[in-house]
Amino acid sequence: MEVVIEQIAIYGSVALLCGLVVFFYMRSLNKKSAIVVKKVEVAKAEGTFEPVSLHPFIDLNTCIGSAACIAECPEKDILGIIDGKATVIHASNCVGHGACFHACPVEAISLRIGTEKRGVDLPHVSQTFESNIKGVFIAGELGGMGLIKNSVEQGQQAMENIAALKREKRSGVLDVVIIGAGPAGISATLEAKKRGLSSVTLEQDSLGGTVFTFPRSKIVMTSPMDLPLHGKAKLYDTSKGELLALWNKVIAEQGITITERTKVEAIVPQKDGTFKVSTSTGSEFLSYAVLLAIGRRGTPRKLGVPGEELPNVAYRLLEPENITGKKAIVVGGGDSAVESAMLLAEQNEVVLSYRKDQFARIKPKNKAAIDAAIAKGELKVIFNSDLVSISEQAVLMKVGEEVKELPNDLVYIFAGGELPTGFLQKIGIEITKRFGHIVKKHG
Ligand SMILES: Cc1cc2nc3c(=O)[nH]c(=O)nc-3n(C[C@H](O)[C@H](O)[C@H](O)COP(=O)(O)OP(=O)(O)OC[C@H]3O[C@@H](n4cnc5c(N)ncnc54)[C@H](O)[C@@H]3O)c2cc1C
Ligand code: SF4
């Protein structure tokens, strides 16, 4: 009898212990879920819950809540777990490199572009990367497929197809004009050289494309990249600097020049089947084919004021930690302008100029931070103001009816951007709005 009682006591204790473990485990899960629910609410209020481009889509029937996707995602708070299932949080911050897609042990994630609510414009591209306009090809993220490796592959494949076109050699007519020097444009440029094609590569900004503008150094590559005229680059754990150095080295070794700071403004088909490509610097090229490798991030909008072309004017803030002791004017009233102004103000004297009388469309957390910074005198904001002209030492600013001169070293303009859609439509390229278009899925 005593033995039975003893056994019941042991079983009871074990059951109680297990119950307690389960209770505390469930309580911790519930607490974690509640934190994620709160983050989702904030994301919805701040407008970052809806993705803008490529993003993970979670099949809730398959998801087992392993959290492997969260562990692999290098960005903060894009994914979370609620009640044992993955969810997106700040989906608009997703950069679409698909580390989560590869990490999921039960293949519950697909990569999609656009959602049921927010469509994304994608151009029509054939299997040979040709658009509806014969001779105009599209490679890289512009066609809907993100990632450095995919863009490199597509740039190379598109150029193979361009090389296969029949054409007679004519003086003054290039085989191809490549527009954009991101991963797709660089790889296409190398493939054109490998195949003996005459080509120019025109880049509105700097070699490297979107990679050049990454705010973080770490680059995620889930498989090796095959670069024409170089071979396999096994860069799993690399940095932005290392990747840019590799591209620069291969291009220099091949004696190729990429024409930077030259924006393509028009592509006009000619009667003889060639294309006239005109640029912002006034240069013009005739070619048999055009490769658009312009990505999806568009072109920063300019103010159109004298002096905007000076080297002290920029449209994005790179490496703010290296900018110290300067007088800087930041122009704009959106989140990018406000965040950049506050970052610069840590080590510089900053004036933020905005044409409206108050900030209307910034995230609540940025509004609170900038109000606090103004109150502490960390930076100055001038509302109802417009830049009139820029020189290397000063700017002229119209405030109300008055024009003032402000001594200044650097100008950062955040006046929004023009998406590639308008540029493509001007050329005549057909575009469809895609809602939740699957770009990558398992099986
Ligand atoms: C913050 C961030 C982090 C990322 N991290 C990773 C990562 O770790 N791993 C990964 O694989 N992918 C990552 N990606 C995605 C990757 O950067 C893109 O998929 C890739 O750069 C697309 O290459 P692309 O050549 O198609 O376009 P882009 O790199 O966007 O290059 C297009 C180029 O065309 C130029 N251009 C545009 N219009 C014109 C014009 N009219 N005239 C002349 N030039 C023009 C642009 O200035 C730009 O340089 C990240 C993206 C972002 C935003
Ligand atoms: S695609 Fe990349 S950035 Fe987006 S959620 Fe997945 S791992 Fe994170």
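**Notes on ligand 2, a helix pair and a small sheet**

1. Let's start with ligand 2 in this predicted model. There are 13 residues around ligand 2, and those that come nearest are Cys73, Ile78, Cys94, Ala99 and Cys100. By residue class, the shell around ligand 2 holds eight nonpolar residues, three polar ones and two charged ones.

2. Next, the helices. Two packed helices are described by the angle between their axes and the distance between the axes. For helix H4 (residues 148–163) and helix H5 (residues 183–194), the axes come within 7 Å and cross at roughly 35 degrees. The crossing of H4 and H5 is right-handed.

3. You may want to display the residues at this contact. On the H4 side they are Ile148, Ser151, Val152, Gln154, Gly155, Gln156, Ala158, Met159 and Glu160. These meet Pro183, Ala184, Gly185, Ser187, Ala188, Glu191 and Ala192 of H5. In the contact of H4 with H5, eight residues are nonpolar, six are polar and two are charged.

4. Now to the sheet. Three strands form an open sheet in the order E21-E22-E23, and their pairing is antiparallel. Strand E21 (385–390) and strand E23 (402–407) are the edge strands, each pairing on one side only. From one strand to the next, the twist averages 30 degrees.

5. Which strand does E22 (residues 394–399) pair with over six bridges? That partner is E23, and the two run in the antiparallel sense. For a residue pair to look at, try lysine 398, which stands opposite valine 403 in E23.

Notes:
Residues are numbered from 1 along each chain as its sequence is written. Chains are lettered from A and ligands numbered from 1 in the order in which they are written. This is a predicted model: local features need pLDDT of at least 70, side-chain atom pairs count only at pLDDT 80 or more; totals for chains, interfaces and linings use all residues. A residue is near a molecule or strand if its C-beta atom, placed from the backbone, lies within 6 Å of it. Ala, Val, Leu, Ile, Met, Phe, Trp, Tyr, Cys and Pro count as nonpolar, Asp, Glu, Lys and Arg as charged, and the others, Gly among them, as polar. Two strands pair if DSSP finds at least two bridges between them. Helices (H or I, at least four residues) and strands (E, at least two) are DSSP runs, numbered from the N terminus. Axes are lines fitted to C-alpha atoms, for helices over the stretch in contact, and angles run from 0 to 180 degrees between N-to-C directions. A crossing is left-handed if the near helix is turned anticlockwise from the far one by less than a right angle, and right-handed if clockwise. Two residues are in contact if their C-beta atoms, placed from the backbone, lie within 7 Å.
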